[in-house]
Amino acid sequence: TEPDLPPLALTSHQVRVEIDHQAATTTIEQVFLNNTERPLEAMYVFPIPKGAAMTRFTMLVDGKEKAGELVEKNAARQIYNSIVSRSLDPGLLECLGSELFRANIFPIAPHGSQTITLKFSQVVPMENDLVSYVYPVRAHGRKGLTVNGRCSNQIDIKAPAPIRNLFSPSHQVTIARPDDRHANVSW
């Protein structure tokens with residue numbers, strides 16, 4: 001929020017999706033880099049699809065993955081502020097509405113990085129035998145953080161009937177089909 005500081009760099013954004021019939025589980029791993037000379041707090045807002053449920057939030061602390069806990073909003077904010085004042089390693093994930101989450105993470109050490117993982121599950125819609133999965137990606141040209149490193153998306157699909165067609169209306173994808181009821185899509 002300080003105009004004189006550069007924003008945190010997003011050095012990796014990796015998405016893994018498993019779709020089994022209409023049940024989809026999405027796991028996002030993101031790595032943020034602090035390019036400044038002082039510790040910073042990261043705050044970002046992350047949308048999830050309508051009807052999806054956030055199931056996991058983790059961050060790396062001293063090289064070990066620490067899972068988040070579900071706590072009432074006001075109590076969570078008090079715990080987070082208490083930990084920040086002691087310069088420990090908290091992360092806070094808040095629900096801002098049915099489809100929007102905000103994560104606060106502190107501290108990200110000077111010239112250090114922080115890895116966070118988010119996971120959500122949903123039932124993907126089907127209409128006329130067409131199952132649609134949408135991952136929210138910022139459109140080219142809009143303001144916001146860009147990935148200055150690895151950005152990947154891997155989708156593994158299992159279907160109860162033969163898969164006839166796979167396509168992405170927005171990205172050029174690579175498709176592998178080990179058999180007629182399984183597919184792997186990546187970009």
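**Entry 1. Two loop residues**

I started at N128, which is exposed in this predicted model, with a relative accessible area of 72%. I found N128 in the loop between β9 (126–127) and β10 (130–131). I then looked up its backbone angle: phi of N128 is near 55°, a positive value in a residue other than glycine. I noted the background to this: most residues other than glycine have a negative phi.

I looked up H21 next. Its phi is near 60°, again a positive value in a residue other than glycine. H21 sits in the loop between β1 and β2 (23–33). Is H21 buried, partly exposed or exposed? With 45% relative accessibility, H21 counts as partly exposed, because exposed would require over 50%.

**Entry 2. The chain as a whole**

I counted the elements: the chain has one helix and 13 strands. Where does the helix come in the order along the sequence? I read the pattern as β-β-β-β-β-α-β-β-β-β-β-β-β-β, with the helix after five strands.

I wrote down the totals as well. The chain has 187 residues, and 32% of them count as buried. Its accessible surface is about 11800 Å², and 52% of that belongs to carbon and sulfur atoms. Among contacts with a separation of 6 or more, 64% are between residues 24 or more positions apart.

**Entry 3. The open sheet**

I traced a sheet of eight strands. It is open, its pairing is mixed, and its order is β5-β4-β8-β2-β1-β11-β13-β12. Which strands stand at the edges? They are β5 (64–67) and β12 (174–179); each has a single partner strand, so one side of each is left without a neighbour in the sheet. The twist averages 15° from one strand to the next.

I then went through some of the pairings. Strand β1 (residues 9–20) runs parallel to strand β11 (residues 147–158), and 10 bridges join them. Within this pair, L10 stands opposite V147 of β11. On to β13 (residues 182–186): β11 and β13 run antiparallel and are joined by five bridges. There I found D156 with N184 of β13 as its bridge partner.

Further along the sheet, strand β4 (residues 53–61) pairs with β8 in the antiparallel sense, over six bridges. I picked out M59, whose bridge partner in β8 is I116.

**Entry 4. Salt bridges**

How many salt bridges are there? I found two.

One joins the side chains of D156 and R16, at 2.3 Å from N to O. D156 is in strand β11 and R16 is in strand β1, so the pair ties together parts that are 140 residues apart in sequence. I checked the cover on each residue. D156 has a relative accessible area of 17% and is buried, because that is under 20%. R16, with 39% relative accessibility, counts as partly exposed.

The other joins the side chains of E65 and R56, at 3.6 Å from N to O. Both ends count as partly exposed: E65 has 48% relative accessibility, and R56 has 36%.

**Entry 5. Two buried residues**

I looked up Q122, which is in strand β8 (residues 113–123). With 9% relative accessibility, Q122 counts as buried. Which residues is Q122 in contact with, leaving aside its neighbours within four places in sequence? I listed Q22, A23, A24, T26, P49, A52 and Y133.

N104 lies in strand β7 (residues 100–108). It counts as buried, at 4% relative accessibility. I compared its position with that of Y44. The two are 60 residues apart in sequence, and their C-alpha atoms are 6.9 Å apart in space.

**Entry 6. A nonpolar patch**

Last, I looked at the surface. Which residues make a nonpolar surface patch of about 220 Å²? V45, L96 and L100 make it. I followed up V45, one of these residues. V45 has its place in strand β3 (residues 40–47). At 44% relative accessibility, V45 counts as partly exposed. A patch residue needs over 30% relative accessible area, so V45 meets that cut-off.

Key
Residues numbered from 1 in each chain as written. Predicted model: local features only at pLDDT ≥ 70, side-chain atom pairs only at ≥ 80, totals over all residues. Heavy atoms only, no water. Pairing = 2+ DSSP bridges. Helix = DSSP H or I, 4+ residues; strand = E, 2+ residues; numbered from the N terminus. Patch = residues over 30% accessible without salt bridge, like charges linked within 9 Å, V, L, I, M, F, W, Y side chains within 5 Å. Areas by Shrake-Rupley, 256 points an atom, 1.4 Å probe, with all protein chains shown as cover. Salt bridge = Lys/Arg side-chain N within 4 Å of Asp/Glu carboxyl O. Buried < 20%, exposed > 50% of the residue type's maximum accessible area, 1.4 Å probe, protein only. Contact = heavy atoms within 4.5 Å. Axes fitted to C-alpha atoms, helices over the stretch in contact; angles between N-to-C directions.
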